[in-house]
Amino acid sequence: MPVTDQQEEEQDDRSQTGDEAVQIDERRAKMERQRAEGIDPYPHVSLWGERTRIADLLAAHDPARLEQGEHPELRATIAGRLISRRGHGKTAFLDVRDLSGQIQVVVRRDLLGEERFERILGLDVGDIVEVDGYVYVTQRGQLALAVSEVTLLTKALRPPPDKHHGLADTGTRYRYRELDLIANEETRELFQQRHAIVFEIRKWLNERNFIEVETPALQSLAGGAGSRPFVTHHNALDRDLYLRISVELFLNRCIVGGMENVYDMGKVFRNEGISPKHSPEFTIIEFMCAYADYNDVATVTEEMFRDVAQAAIGRTVIRRNNEQIDLAAPWRRVTMRELIQERFGRDMMESTRDELAEILDEPVDPAASWADVIADIYSSKIESTINQPTHVFDFPLEPFPITKRHAEFPELGEHFDAVIGGIELVSGDTELNDPVDEWQRFVQQRQRRAVDDGDVPHPNDEEYTRALEYGYSPTAGGGMGVDRLVMILTERDTLREVIPFPIVRDLS
């Protein structure tokens with residue numbers, strides 16, 4: 001049985017072992033002794049521009065081309081975390097790691113003298129150190145660094161996780177991500193991959209003349225999507241504001257102003273549930289393409305995913321649900337109508353609400369509309385079964401108040417979802433640019449709510465409609481969950497793996 005997010009949190013190891021408590025006490029005592037001896041365990045230091053990354057040091061010197069032993073002419077300064085220590089007597093060996101890699105450090109009593117040798121041996125695993133030395137080739141032909149001096153930069157007062165067993169408990173990993181990063185190389189690599197993916201998305205758009213626009217996170221009305229917002233209060237203005245659930249409306253207003261192709265990447269906030277593919281705080285990128293329609297946005301999505309995958313992870317082939325997926329292959333394009341016809345033998349355009357409701361396993365809400373039933377069929381019966389990259393087109397119009405009406409079927413909107421591995425990654429539309437139709441849609445949207453808000457739009461909706469009256473060029477746009485894309489490309493099963501610091505429950 002799969003472990004739920006709540007169960008993962010309940011697995012959180014909250015107890016401090018007796019051995020760990022003893023080690024903490026010993027480390028604190030050692031720190032106080034160092035201070036008494038005039039050694040600052042947290043000295044003022046700057047190695048900016050002076051230290052060598054360990055990976056660069058290893059790449060610069062091929063041990064196969066060097067003689068065994070010391071090479072005093074090849075000097076280097078590194079800095080990083082002490083991750084292991086072994087040996088005593090005349091020679092000790094330390095392993096030091098920075099983000100780029102790790103290297104063995106050789107400490108010899110006869111070269112350093114008794115006092116400096118013992119001081120270095122007194123360092124604890126987890127301490128942050130500077131190592132000055134020169135290249136040394138071991139008897140096994142490995143590149144190492146012979147120590148001239150080791151300087152303590154930061155005293156670690158808590159022992160790191162067990163280096164042999166790593167940190168496997170998911171609750172602890174998500175709550176204390178710093179421990180996960182210390183213990184698990186895979187996690188460090190994951191967040192470097194995340195950085196590369198985000199970088200390549202921006203690069204891809206920028207190279208195609210998109211302009212990044214920062215839209216407000218605090219809004220008078222959280223618009224552009226149908227999710228429940230977080231509410232906060234601004235004291236100076238004495239008014240409630242909402243954390244954004246989307247950035248689309250502001251980007252559209254930029255298009256009205258003549259900006260043409262624009263995008264915004266940042267956090268959005270939706271006060272809803274948590275699941276392996278849902279988080280209340282997540283990163284989104286919304287992009288608008290002037291003089292385009294939703295077919296063009298689907299093409300942009302397809303090309304972006306292919307190119308970003310190749311640049312960021314070095315391949316376009318991934319695995320999902322035990323199946324190989326090639327992002328470079330042409331994606332399937334299918335309409336909602338065709339999918340329902342294929343799966344259930346029903347033509348949704350020729351079927352009533354009640355006829356479509358027979359497809360569902362449970363009785364539908366009496367207030368549910370024809371569009372609501374189709375949305376339920378898609379979300380509960382179809383989306384999760386789409387593993388290969390697919391664009392699903394032509395959703396019922398009702399839930400999409402700023403989407404252009406379908407040219408042939410007025411009940412439908414020019415909306416599509418891009419789906420991989422049963423997960424919606426991009427939601428795209430041809431944008432509605434008719435201000436009269438838009439005003440009427442906003443009114444209808446509010447009248448469908450449980451509490452009738454009257455026969456006029458919200459002031460912010462009306463402000464958006466007013467902007468359209470200045471002339472909004474034909475435009476299409478897409479919104480992509482960046483965390484979901486990272487999850488797909490890195491072949492992870494939950495958003496909590498790829499969000500550096502996910503929301504978790506309080507410890508009881």
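**Exercise 1. In this predicted model, find the loop that holds Asp-238 and work out whether the residue is buried or exposed.**

Step 1: Go to strand E8 (231-234) and walk on to strand E9 (239-243); Asp-238 sits in the loop between them.

Step 2: Check the backbone. Phi of Asp-238 is near 50 degrees, which is a positive value in a residue other than glycine.

Step 3: Look at accessibility. The cut-off for exposed is over 50% relative accessible area, and Asp-238 comes in at 58%, so it counts as exposed.

**Exercise 2. Where does Asn-322 lie, and what is its phi?**

Step 1: Asn-322 is in the loop between strand E12 (317-320) and strand E13 (323-326).

Step 2: Its phi is positive, about 60 degrees, although Asn-322 is not a glycine.

Step 3: With a relative accessible area of 74%, Asn-322 is exposed.

**Exercise 3. Trace the open sheet of eight strands and say which strands are at its edges.**

Step 1: Write down the order: E6-E10-E11-E18-E17-E16-E15-E14, with mixed pairing.

Step 2: Pick out the strands that pair on one side only. Those are strand E6 (211-212) and strand E14 (332-335), the edge strands.

Step 3: Zoom in on one pair. Strand E17 (residues 423-430) and strand E18 (residues 475-481) run antiparallel and share five bridges. Here Gly-428 stands opposite Gly-478 in E18.

Step 4: Add the helices. Helix H8 (residues 185-206) packs on the sheet and touches E6, strand E10 (262-269), strand E11 (281-290) and E18. The direction of H8 makes about 145 degrees with that of E10. Helix H16 (residues 482-489) packs on the sheet too, with contacts to E10, E11, strand E16 (412-420), E17 and E18. For H16, the angle is about 135 degrees with the direction of E17.

**Exercise 4. How many disulfides are there, and why is Cys-254 not bonded to Cys-289?**

Step 1: The cut-off is two cysteine sulfur atoms within 2.5 Å.

Step 2: The cysteine sulfur closest to that of Cys-254 belongs to Cys-289 and is 14 Å away, so it is too far for a bond.

Step 3: Turn it around. For Cys-289, the nearest cysteine sulfur is that of Cys-254, and Cys-289 is in no disulfide. The count is zero disulfides.

Step 4: As for its surroundings, Cys-289 is buried, at 7% relative accessibility.

**Exercise 5. Take some of the 37 salt bridges and say how exposed the partners are.**

Step 1: Start with Asp-62 and Arg-65, whose closest N and O atoms are 3.9 Å apart. Asp-62 is partly exposed at 38%, while Arg-65 is exposed at 76%.

Step 2: Move to Glu-383 and Lys-277, which meet at 3.8 Å, N to O. This pair links distant parts of the chain, 106 residues apart: Glu-383 is in the loop between helix H13 (370-382) and strand E15 (390-396), and Lys-277 is in the loop between E10 and E11. Glu-383 is buried at 11%, whereas Lys-277 is partly exposed at 26%.

Step 3: Next comes Asp-361 with Lys-381, closest N and O atoms 2.8 Å apart. Asp-361 is in the loop between helix H12 (353-357) and H13, and Lys-381 is in helix H13, 20 residues apart. Asp-361 is exposed at 66%, and Lys-381 is partly exposed at 23%.

Step 4: Finish with a network: salt bridges that share partners join Arg-173, Arg-177, Asp-180, Glu-186, Arg-492 and Glu-497.

Definitions and conventions:
Residues are numbered from 1 along each chain as its sequence is written. This is a predicted model: local features need pLDDT of at least 70, side-chain atom pairs count only at pLDDT 80 or more; totals for chains, interfaces and linings use all residues. Side-chain values use heavy atoms; hydrogens and water are left out. Helices (H or I, at least four residues) and strands (E, at least two) are DSSP runs, numbered from the N terminus. Buried means under 20% relative accessible area, exposed over 50%, partly exposed in between (1.4 Å probe, protein chains only). Two strands pair if DSSP finds at least two bridges between them. Contact means heavy atoms within 4.5 Å. Axes are lines fitted to C-alpha atoms, for helices over the stretch in contact, and angles run from 0 to 180 degrees between N-to-C directions. A salt bridge is a side-chain nitrogen of Lys or Arg within 4 Å of a carboxyl oxygen of Asp or Glu.
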